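Work through the two exercises below with the structure in view. Try each task before reading its solution.

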Amino acid sequence: MSEISQLTPQIIWHYFDKICSIPHPSYHEEQLAHYIVEQAKEKGLEVRRDKVGNIIIKKAATAGMENRRGVVLQAHLDMVPQKNEGTDHDFTQDPIQAYVDGDWVTAKGTTLGADNGMGMAACLAVAFSDDIEHGPLEVLLTMNEEAGMDGAFGLEAGWLEGDVLLNTDSEQEGEIYMGCAGGIDAELSFVHETESAPADQAFLTLTVKGLKGGHSGCDIHTGRANANKLLAHFLFENGPALDIKLIDFKGGTLRNAIPREAKVTMALPQANVEQLHHLVKQYESTWQETLGKVETSLVCLLEEVEATEQVWTPALQQRFIAALHACPNGVIRMSDDIQGVVETSLNVGVISVEEGKVNILCLVRSLIDAGREHVESLLKATAQLSDAEISFSGAYPGWKPNPDSEIMALFRETYEGIYGRLPNIMVIHAGLECGLFKKPYPDMDMISFGPTIKFPHSPDEKVEIASVGLFWEQMIAILKAIPVKQ
């Protein structure tokens with residue numbers, strides 16, 4: 001028995017512990033899906049999978065509650081795979097090493113997967129228990145939410161019978177969500193053109209690392225630095241004078257995670273190496289001073305590497321650095337309607353060199369279509385000025401708030417009855433699958449709630465133990481309070 005499986009309420013921690021033991025990063029959820037399907041069969045529950053792999057478990061109402069409105073409990077199967085440098089961990093093979101750290105549960109050097117593993121654990125705990133009162137119940141577990149919302153996109157009409165959907169993918173206890181931002185992926189691409197490296201060159205890598213990173217929706221307003229943008233700033237200002245020639249650029253790992261680290265491999269004349277070291281130290285000091293209240297561990301490293309025969313052409317290098325430096329990033333606009341909520345943002349998430357292309361992958365989020373379209377236009381202009389190709393893909397809709405939601409009103413009443421206070425009704429800048437579910441199920445009434453999770457999408461991710469108990473208490477109470485179907 002692990003340390004976390006003994007926490008209270010034990011039933012939800014038991015399933016979260018099991019989820020942590022089975023690798024399930026995006027695109028690698030099948031082992032966990034198999035476990036869940038087999039558990040459902042052992043419990044005698046009806047379980048199906050649709051064409052994209054989503055799991056739907058159906059459970060009959062407890063005695064006397066057969067006439068209640070049907071409820072769908074929903075979570076996603078995958079987790080974001082992020083680890084600290086120096087952490088030896090294969091997310092496709094190794095279990096998450098979760099442990100108790102004071103009032104929190106966190107993981108050793110990696111993301112914890114409480115997003116959305118804790119919500120999934122609660123859904124399984126309800127489905128597989130024998131002593132929780134509920135009406136007709138379905139559990140929907142979707143595939144690959146973090147890397148493309150494939151499961152939500154692929155969900156078809158006719159699979160679900162419930163009237164109410166309880167999404168468990170929110171990350172602050174006491175806040176109930178009734179709307180979220182939509183988004184779209186944008187990619188700027190440059191043809192990877194190279195030429196022979198000149199003689200008498202030094203070859204080095206420059207790495208910016210130690211940043212906090214985090215969720216590109218929930219954390220985009222916190223002032224956290226973007227490693228890709230910091231490197232672009234340095235190269236734009238100093239590349240020409242130092243006669244730097246780029247060989248490679250790698251930054252970030254996921255388009256929905258703020259990049260914590262970026263690395264550029266370069267060549268430059270031996271005579272300029274001393275000045276490079278001086279400037280790197282100068283920029284590191286400036287960044288530490290200006291960003292230090294947020295980025296407490298920022299460092300820049302210069303290391304010698306083996307010589308290579310090819311470097312980028314001057315034309316490619318100039319266009320790429322200019323585009324990356326000019327590319328908007330972070331909060332574009334705050335909402336005028338919802339105080340403290342970001343309306344529109346952009347995360348310059350991943351820089352890669354592959355298949356003859358140099359790519360800049362971004363994720364645009366907005367509560368309104370006009371905001372998203374504005375940022376798309378800015379990126380098109382950036383691509384046009386830098387002679388880059390640009391493509392947009394994976395667009396998903398926002399979830400428009402419904403002020404007349406009956407399940408929201410019921411949850412507010414139930415919450416107040418338990419704690420003597422009302423929850424905060426919120427709209428989140430991050431993407432939730434609810435907006436996509438509205439297409440095949442336009443009349444389904446939806447809310448989202450969950451325990452308190454800090455720093456999702458980063459190795460600092462942690463879940464507050466006490467909030468898990470509150471989350472579980474709320475789930476049991478709302479299931480019991482679901483009204484009779486009219």
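## Exercise 1: Cysteines

Task: in this predicted model, count the disulfides and explain the result for Cys123 and Cys327.

Solution.

1. Start with the count. It comes to 0 disulfides.
2. Recall the cut-off. The two sulfur atoms of a disulfide must lie within 2.5 Å.
3. Check Cys123. The closest cysteine sulfur belongs to Cys434, 12 Å away, so the gap is too far for a bond. Cys123 is buried, and its relative accessible area is 0%.
4. Check Cys327. The closest cysteine sulfur sits in Cys362, at 4.2 Å, and that is also too far for a bond. Cys327 is buried as well, with a relative accessible area of 3%.

## Exercise 2: A helix pair

Task: describe how helix α5 and helix α6 are arranged, and which residues meet.

Solution.

1. Locate the helices. Helix α5 covers residues 227-242, and helix α6 covers residues 273-291.
2. Choose the descriptors. Two packed helices are described by the distance between their axes and the angle between them.
3. Read them off. The axes of α5 and α6 come within 12 Å and cross at roughly 150 degrees.
4. Classify the angle. Over 145 degrees counts as roughly antiparallel, so α5 and α6 are roughly antiparallel to each other.
5. Add the handedness. The crossing of α5 past α6 is right-handed.
6. List the contact. From α5 come Leu230, His233, Phe234, Glu237, Asn238 and Leu242. They meet Gln275, Leu276, Leu279, Val280, Tyr283, Trp287 and Leu291 of α6.
7. Sort by class. The contact of α5 with α6 has 9 nonpolar, 3 polar and 1 charged residues.

Note on methods. Residues numbered from 1 in each chain as written. Predicted model: local features only at pLDDT ≥ 70, side-chain atom pairs only at ≥ 80, totals over all residues. Heavy atoms only, no water. Buried < 20%, exposed > 50% of the residue type's maximum accessible area, 1.4 Å probe, protein only. Axes fitted to C-alpha atoms, helices over the stretch in contact; angles between N-to-C directions. Helix = DSSP H or I, 4+ residues; strand = E, 2+ residues; numbered from the N terminus. Parallel < 35°, antiparallel > 145°, perpendicular 65-115°, else oblique. Left-handed = near helix turned anticlockwise from the far one by under 90°. Contact = heavy atoms within 4.5 Å. Nonpolar A, V, L, I, M, F, W, Y, C, P; charged D, E, K, R; others polar.
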